Amino acid sequence: MIITTNGNTDISTGPGRAYVFTIAGTFSAGTVTLLWKDQAGNYVAFDKCALTAAGKREVISPFNGIRITVSGAGTPSLYTDLVPCVAGENGALPIPGVAGSPSADVVSVQGFGFSSGVVIARPANTTTYAIGDAVGDANGSAILEFQNIGPSGGQIYITSGHLRIDIAAIPSGMTSLRLYLYDSAPDALADNAPWVISSTGDRGKFKGYIDLGTPVDLGATCFVQIDQINKQVGLATGSTSLFGILVTNGAIVPANNSEVYTVRLRSVGI
């Protein structure tokens with residue numbers, strides 16, 4: 001499509017589709033803006049695409065349409081192209097939908113997936129973990145942050161997860177482990193301290209738990225995975241993170257100093 005006049009040009013799109021938007025030609029910086037049409041039919045500023053130079057290319061996820069607005073002096077000669085593509089192409093994050101029916105706090109990311117992992121390097125000791133103790137890092141903290149696990153302030157389904165321990169044999173006494181979840185950072189908790197919901201504030205942040213299962217010895221690595229979790233969790237307003245505390249269900253006697261645990265969660269936005 002070639003645009004040669006100032007004003008609005010509307011392009012219809014399908015809901016739930018991702019597109020590559022390409023712009024080229026002759027225009028002044030800041031004279032082209034891109035809006036997208038929400039569920040209610042309103043055109044909303046699209047802050048992910050500041051069209052200030054020719055050759056701009058973005059992966060976008062409009063709901064019902066795109067509006068290109070050209071302003072300023074002179075006659076533009078603007079070429080645009082909107083091509084359907086695979087969601088998440090070029091590593092672009094999905095663009096949340098604008099609030100609409102049925103309520104003002106609805107956010108939709110139309111099925112895009114997220115994955116986030118946390119690495120725990122245990123303290124250099126072989127101190128026994130009692131049942132219900134937290135596993136933390138060498139800095140003394142057992143608070144885990146799963147960054148970019150979903151859209152800011154949105155709802156997610158946790159679909160799967162795994163725990164990997166970089167050791168060659170299952171430690172004595174190890175059974176299953178449980179991951180307690182929070183939408184904001186809980187009260188401080190140290191490695192090897194007993195887990196407890198310690199305050200009224202933590203009760204409000206608490207989102208339940210996931211049983212990760214019992215690791216198995218794969219030779220030089222111990223590993224367990226859990227699929228089809230399908231646990232719905234809401235992220236805190238303005239946050240893309242979920243927080244967790246990894247807790248033992250058995251009394252573990254570590255065999256090595258500074259063992260490395262990796263916990264990974266995968267989710268989809270809803």
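Modeller: Let's start with a definition: two strands pair if DSSP finds at least two bridges between them. Keep in mind that this is a predicted model.

Biologist: Okay, so in which sense do strand 12 and strand 17 pair, and over how many bridges?

Modeller: Strand 12 pairs with strand 17 (residues 242-248) in the antiparallel sense, over six bridges. To pick out one partner, look at Arg178: its bridge partner in strand 17 is Val247.

Biologist: What is the strand order in the open sheet?

Modeller: The order is 10-17-12-13, four strands with antiparallel pairing. At the edges you'll find strand 10 (144-146) and strand 13 (206-213), each pairing on one side only. On average, neighbouring strands here are turned by 30° against each other, direction ignored.

Biologist: Now the rings. How do I read an aromatic pair?

Modeller: A pair of aromatic rings is described by the distance of the centres and the angle of the planes. Take Tyr180 and Trp195: their centres are 3.7 Å apart, with 5° between the planes, and the pair is stacked. Tyr180 sits in strand 12 (residues 177-182), while Trp195 is in the loop between strand 12 and helix 1 (200-205), so the pair links distant parts of the chain, 15 residues apart.

Biologist: Is Tyr180 buried or exposed?

Modeller: Tyr180 has a relative accessible area of 9%, and the cut-off for buried is under 20%, so Tyr180 counts as buried.

Biologist: Which residues form the aromatic cluster with Tyr180?

Modeller: Tyr180 shares one cluster with Tyr182, Trp195, Phe206 and Tyr209. Arg178 turns up again here, lying over the face of Tyr209 at 3.9 Å from the ring centre.

Note on methods: Residues numbered from 1 in each chain as written. Predicted model: local features only at pLDDT ≥ 70, side-chain atom pairs only at ≥ 80, totals over all residues. Heavy atoms only, no water. Phe/Tyr/Trp six-rings, centres within 6.5 Å; stacked < 30°, edge-to-face > 60°. Helix = DSSP H or I, 4+ residues; strand = E, 2+ residues; numbered from the N terminus. Buried < 20%, exposed > 50% of the residue type's maximum accessible area, 1.4 Å probe, protein only. Lys NZ or Arg CZ within 6 Å of the ring centre and 35° of its normal. Axes fitted to C-alpha atoms, helices over the stretch in contact; angles between N-to-C directions.
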